[in-house]
Amino acid sequence: MNEIVRPLEVVAADFQGFQRVLEKVFTTELESFQGLSGQYALFEDVDALMGRMRNVVAQAERELVALRDGAFEDSALWSASRRVELVDSMLEQLDRFVQVADARGATLTSGDLLKKLQGWIKIMREWLTGVRRQLAAIAGEE
C-alpha cells in the first residue's frame, strides 16, 4: 500500500492543479465565449456542457483525494480514471462547439477569443493525458 500512496498524492495534486486552471479558464475565456455563443445558436449547449463538466471534475477530484487519503480500491481507481476520460471527451466536445462558432462566422468578430480558447482546450487535454497515464501506471496498465 505504501508504494501506492506517493503516486496517488502526485496524481491527486496534478488533478487539483488542472481543476484550478480549468476553473480560471471557465471564468475568463469560456464566459466570454458563452456570451458569444448565443449569437451562433450554441448558448444552451455550451452552458449545459460547462455545468456537466464542473460536476464531473468535482467528482473526479473527490475520488482522487479519497484514494490519496487511504480509500484505495481498484474500483475507485477505475471510476476516477473513467471520469478523467469523460472530462477529456467533454473538452473535445467544447472544441467542436468552438469550431461550429468559427464556421458560423465568429472568427470575424472574435477570432482571437476562439484561438485562445482552442489553445486552452489543447493544453487542458494534454494535461488530462498526463493524468490518465499516471492513473494507468498506478493501476499497473503501463
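The following exchange asks how terms are applied to a predicted model.

Guide: In this predicted model, local features need pLDDT of at least 70 and side-chain atom pairs count only at pLDDT 80 or more, while totals for chains, interfaces and linings use all residues. Residues are numbered from 1 along each chain as its sequence is written, and side-chain values use heavy atoms, with hydrogens and water left out.

Visitor: What makes arginine 54 and glutamate 23 a salt bridge?

Guide: A salt bridge requires a side-chain nitrogen of Lys or Arg within 4 Å of a carboxyl oxygen of Asp or Glu. For arginine 54 and glutamate 23 the N to O value is 2.6 Å, so the pair meets that definition. Arginine 54 lies in helix 2 and glutamate 23 in helix 1, 31 residues apart. Helices are DSSP runs of H or I, at least four residues, numbered from the N terminus.

Visitor: Why is arginine 6 called exposed?

Guide: Exposed means over 50% relative accessible area, buried under 20%, and partly exposed in between, with a 1.4 Å probe and protein chains only. Arginine 6 has 55% relative accessibility, so it counts as exposed. Its salt-bridge partner is glutamate 9, with the closest N and O atoms 3.3 Å apart; glutamate 9, at 32%, is partly exposed.

Visitor: Which side chain of opposite charge is nearest to glutamate 61?

Guide: That is arginine 62, 6.1 Å away; glutamate 61 is buried and has no salt bridge. Lys and Arg count as positive, Asp and Glu as negative, and His and the chain ends are not counted.

How values were computed: Helices (H or I, at least four residues) and strands (E, at least two) are DSSP runs, numbered from the N terminus.
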